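Please open the model in the viewer and keep the sequence panel visible. The tour below proceeds by selection, one stop at a time.

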Number of protein chains: 2
Amino acid sequence: MQALTRTALIVSSLLYSFQAFAGTPTDLGAKIAAQGTTRGVAPCMSCHGPDGAGMAAAGYPRIAGMDAGYMAKQLRDYQAGTRNNPVMMPMAKNLTDEEISAVAGYYAAMPIPPVSAEPPAEPVARTAKDLIEWGDWTGRGLAACSQCHAPNGNGIGSAFPGISGQHAAYLKAQLQAWKAGTRANDPLGLMKAAADRLTDAEIDALSAYYAAQPAAAPVPAENPPTAVADGVQVAAGEVHSGEVPQHGAPPAGRAPADDGYFSSPSRDELPEGPFGESIRRGQAIFENTNADPASGKYVGNDQTCGNCHLDAGRLAGSAPLWAAWVAYPAYRSKNQKVNTYIERIQGCFTYSMNARASAAGAPPAADSETMVSLVAYSYWLAKGAPTGDDTMPGRGYPRLKETESGFDPQRGALVYAAKCAVCHGENGAGVVQAEGRTLFPPLWGAESYNWGAGMHRIDTAAAFIKHNMPLGLPDSLSDQEAWDVAAYMNSHERPQDPRHEGDLKATTEQFHGGKFDFYGKRKTAENRLLGEQPAVK
Amino acid sequence: MQALTRTALIVSSLLYSFQAFAGTPTDLGAKIAAQGTTRGVAPCMSCHGPDGAGMAAAGYPRIAGMDAGYMAKQLRDYQAGTRNNPVMMPMAKNLTDEEISAVAGYYAAMPIPPVSAEPPAEPVARTAKDLIEWGDWTGRGLAACSQCHAPNGNGIGSAFPGISGQHAAYLKAQLQAWKAGTRANDPLGLMKAAADRLTDAEIDALSAYYAAQPAAAPVPAENPPTAVADGVQVAAGEVHSGEVPQHGAPPAGRAPADDGYFSSPSRDELPEGPFGESIRRGQAIFENTNADPASGKYVGNDQTCGNCHLDAGRLAGSAPLWAAWVAYPAYRSKNQKVNTYIERIQGCFTYSMNARASAAGAPPAADSETMVSLVAYSYWLAKGAPTGDDTMPGRGYPRLKETESGFDPQRGALVYAAKCAVCHGENGAGVVQAEGRTLFPPLWGAESYNWGAGMHRIDTAAAFIKHNMPLGLPDSLSDQEAWDVAAYMNSHERPQDPRHEGDLKATTEQFHGGKFDFYGKRKTAENRLLGEQPAVK
């Protein structure tokens with residue numbers, strides 16, 4: 001049955017390629033695929049198959065339905081020698097830019113062959129699933145695969161290829177190549193950082209697992225720019241050319257667990273029964289706050305809790321929940337009262353998740369399923385932590401020392417383009433999946449945190465960025481880069497501060513007086529003051 | 001000036017005593033006071049003064065304005081030899097019952113002389129105030145003086161004499177006599193238990209401090225019986241004569257701090273600033289829940305948090321807050337959901353404090369001052385306790401093993417009369433001060449906990465009673481006595497279960513099925529089933 005299906009598929013794909021060859025604009029791509037070129041390029045299908053499915057045993061990758069931009073970049077990298085492969089390099093060198101675009105477009109448009117690999121058995125599958133869903137951020141600085149390749153493994157745009165339904169042998173070879181340094185054409189060195197932290201057994205598990213997952217089109221790389229509440233288009237900032245300060249090589253990554261940080265119970269230790277279920281719900285809501293049916297109605301933008309609290313609230317230096325739990329209730333100068341932990345979380349919804357613009361129009365009530373689950377989850381993460389200890393190492397975002405050069409959004413724009421835009425997009429709109437799950441959060445505009453959120457402060461953002469960004473490469477930016485890019489991010493317009501009552505000057509003086517804050521003080525590209533928008537109704 | 005005042009007072013008191021002597025019904029008392037009797041009783045005023053003020057230096061007590069019942073009992077105890085004093089014993093032996101009543105009544109009606117002693121300086125005053133307000137329950141099983149002598153030290157009824165404005169030398173001599181065992185006519189041995197735990201320096205501090213406090217009339221011993229919501233008079237239970245099981249001598253008292261229990265920070269360690277203020281408010285509300293202006297509006301009876309959680313929520317074995325704090329959120333079968341700590345406290349208000357009958361008609365909201373303060377206070381008491389540890393020694397009320405004889409309210413009635421009524425009153429109505437502060441909580445009737453409170457369960461009540469009652473004599477009842485008296489207490493009518501919707505059978509089956517529960521099953525003296533009353537609106 002499976003053999004029959006496969007035969008049928010080859011036939012239909014052959015028909016497809018011949019149809020494509022017969023006079024459509026994709027002629028050139030189809031022709032190269034089927035016949036190669038007269039300048040020594042062999043037909044692609046000789047290795048990748050007429051249906052673009054590759055050859056599992058030989059480790060030739062499936063290319064049908066892969067992102068065109070990703071494939072074109074790989075061909076250009078083979079040309080340039082920044083990706084190394086003895087078969088592909090000579091052929092790529094003989095392709096023109098036009099031919100690269102054509103053949104990449106041709107295969108991108110080809111139907112994705114169904115997956116034929118068998119998924120691995122437990123416990124191998126579990127190993128893979130844990131790495132895909134959670135990584136091992138806290139243990140060894142390893143980001144979850146799903147963070148960049150999307151939860152379904154089908155990738156995001158041209159930077160992060162689909163890996164679901166790819167042959168295991170190919171995936172394994174690539175991971176080993178990243179690890180060995182023989183492949184190094186990844187954005188920011190992210191795959192090197194990831195592969196370095198994987199054991200051989202984990203590489204095998206991931207390769208086998210992804211090979212058996214159904215492939216589909218990738219998530220679009222970038223959302224359209226979002227408007228803020230008053231309809232003002234997101235400002236591009238005041239970007240001028242400038243020199244990005246120099247900094248040393250990125251560190252190899254940190255392993256916070258070795259640094260004496262508190263250790264939450266592992267996900268395997270979750271209790272059974274209704275209490276465990278509540279914790280699980282809390283974890284799910286934390287990672288999917290805007291899209292979860294229960295919590296989504298309190299979220300007025302495209303943010304999740306996990307966007308600011310990495311590793312689902314576990315990561316030291318990323319405002320971990322275990323440190324927050326034992327430090328509340330506490331007095332907060334922000335609202336000049338003692339806040340319970342629940343009130344603190346309500347503050348996150350009000351500001352970072354812009355609850356006023358949500359369906360509910362308010363943060364979740366203390367006894368709502370959303371709140372109780374988040375409380376249960378936080379409590380569980382703090383299991384064993386000493387009550388009342390507000391000095392736990394790794395608490396909050398460790399403050400970043402000011403630099404002599406201060407902070408400058410113009411310098412920051414260059415850092416942003418080099419280090420941030422690959423995920424958050426040139427327009428800062430981030431990536432939100434079709435189902436609403438936020439993969440890379442919007443950094444400004446209507447779908448980002450509002451002007452009351454702590455992250456709008458440049459010092460807070462600089463601290464967060466330095467210790468956590470780029471994802472999987474923490475502490476790789478220089479202090480100066482972190483300050484500048486934080487200033488750039490927060491020089492854009494975002495949703496109104498819900499405490500604003502119509503008088504920008506009054507709001508600025510009452511809530512935004514500090515030097516780390518552009519609200520009411522700096523102008524956007526449209527020559528309007530940041531925050532110059534109506535009060536939230 | 002002080003000498004002049006005193007002289008004036010003596011004169012006015014003499015006038016008063018002569019007036020009393022001149023033909024009123026108190027003639028007999030006045031006559032004995034001024035002249036003694038022909039059977040060898042010396043005039044009282046020869047030692048206690050014409051104004052009943054006693055003599056500070058000689059250690060003769062002030063008796064003017066003391067409770068008549070208390071004084072009469074002392075005279076009878078001198079007669080019987082159960083109170084020992086070489087001067088008083090022979091005179092008391094020569095008084096008739098009528099004379100005792102007359103002279104006690106005479107002095108009770110006499111105006112209280114103003115206090116002339118100077119209060120001690122710090123830190124002596126602080127030592128005394130701490131013992132008066134808090135005792136050292138957790139440290140050495142020492143109940144607060146104010147618990148029985150009332151916060152103002154003016155005593156309660158005839159069992160607990162006023163000690164404010166009493167001479168220091170007299171107070172000191174009495175405390176030393178309790179300690180040495182040379183005075184032993186106290187109810188249940190309560191003063192022996194207290195004095196045993198006091199150092200000589202503390203006895204001096206307390207004596208000096210109380211001597212300088214203004215004296216006033218005592219709090220009435222017993223409140224009138226209260227009706228439950230439907231107007232049904234509180235049932236007297238089904239009391240029959242029966243034999244109270246034997247038990248050994250009361251233990252000397254426990255010192256939980258020696259038993260490896262968790263230790264909360266001392267009251268001296270309270271932080272300054274608004275957070276410390278919130279904790280202080282929480283402590284005050286905890287002890288005065290029904291009367292505090294903030295929390296009182298959520299309380300529909302005469303209960304305080306501290307009535308069920310002794311030593312203001314610190315005491316091991318008395319459902320201490322520090323153990324509860326680290327054990328929530330948690331799933332509760334009672335409401336079949338995961339409850340946050342705040343929801344758990346709201347449950348206390350709903351049931352133990354009968355919030356439906358309160359001004360607010362509901363428990364305090366999660367962000368109310370009352371709730372935030374109680375949360376801050378709980379959190380502070382748990383400082384250093386490991387988050388998530390729901391097995392801390394001393395948590396809850398340690399379960400009491402069932403006895404072979406089961407539990408029987410008829411046997412319990414005798415225990416109650418012997419061991420409980422002195423504080424809670426024959427009618428179970430407890431003692432509520434004029435300002436509303438509950439000293440001894442009502443145990444049944446409209447002002448007690450309702451049928452949804454955990455304490456209505458006989459096993460829960462037996463455990464509480466065994467480990468905590470009588471106040472200052474924990475673990476002094478036998479297991480059998482604790483079971484029986486718990487059954488007696490919970491065989492009386494109390495406010496309706498707020499979950500009741502009008503069908504007693506349905507409520508009984510759904511919420512009151514167990515064998516430790518008389519609701520809907522046992523009849524009151526009026527031959528009505530317990531719980532047979534309308535639903536709460």
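Leaving aside its neighbours within four places in sequence, with which residues is L95(A) in contact? Select I32(A), T37(A), R39(A), V41(A), L75(A), Q79(A) and I100(A): these are the contacts of L95(A) once neighbours within four places in sequence are left aside, contact being heavy atoms within 4.5 Å.

Before proceeding, note the conventions. This is a predicted model, in which local features need pLDDT of at least 70 and side-chain atom pairs count only at pLDDT 80 or more, while totals for chains, interfaces and linings use all residues. Residues are numbered from 1 along each chain as its sequence is written, chains are lettered from A in the order in which they are written, and side-chain values use heavy atoms, without hydrogens and water.

**First stop, continued: L95(A)**
L95(A) sits in the loop between α5 (88-93) and α6 (97-108) of chain A; helices are DSSP runs (H or I, at least four residues) numbered from the N terminus. Its relative accessibility is 9%, so L95(A) counts as buried (under 20% relative accessible area, 1.4 Å probe, protein chains only). Display the C-alpha atoms of L95(A) and V41(A): 7.5 Å separates them, although they are 54 residues apart along the chain.

**Second stop: the nonpolar core**
Next, select F349(A), Y377(A), F349(B) and Y377(B), the residues with the most contacts inside the largest nonpolar core, which has 83 residues. Such a core is a set of buried Ala, Val, Leu, Ile, Met, Phe, Trp, Tyr and Cys residues joined through side-chain atoms within 4.5 Å. Elements giving two or more residues to this core include α13 (273-287) and α18 (369-381) of chain A. Around Y377(A), neighbours within four places in sequence aside, highlight I279(A), G282(A), Q283(A), F286(A), A312(A) and L321(A), which are in contact with Y377(A).

**Third stop: α13 and α18 of chain B**
Now select residues 273-287 and 369-381 of chain B; these helices, α13(B) and α18(B), pack at about 100°, with axes 7 Å apart. The angle makes α13(B) roughly perpendicular to α18(B) (65 to 115 degrees). Among the residues that meet here are F275(B) and F286(B) in α13(B), and Y377(B) and W380(B) in α18(B).

**Fourth stop: α20 of chain B**
Select residues 458-468 of chain B, helix α20, where ten of eleven residues are buried. The buried residues of α20(B) pack against α14 (305-308), α15 (310-313) and α21 (479-489) of chain B.

Note on methods
Axes are lines fitted to C-alpha atoms, for helices over the stretch in contact, and angles run from 0 to 180 degrees between N-to-C directions. Angles under 35 degrees count as roughly parallel, over 145 as roughly antiparallel, 65 to 115 as roughly perpendicular and the rest as oblique. Buried means under 20% relative accessible area, exposed over 50%, partly exposed in between (1.4 Å probe, protein chains only).
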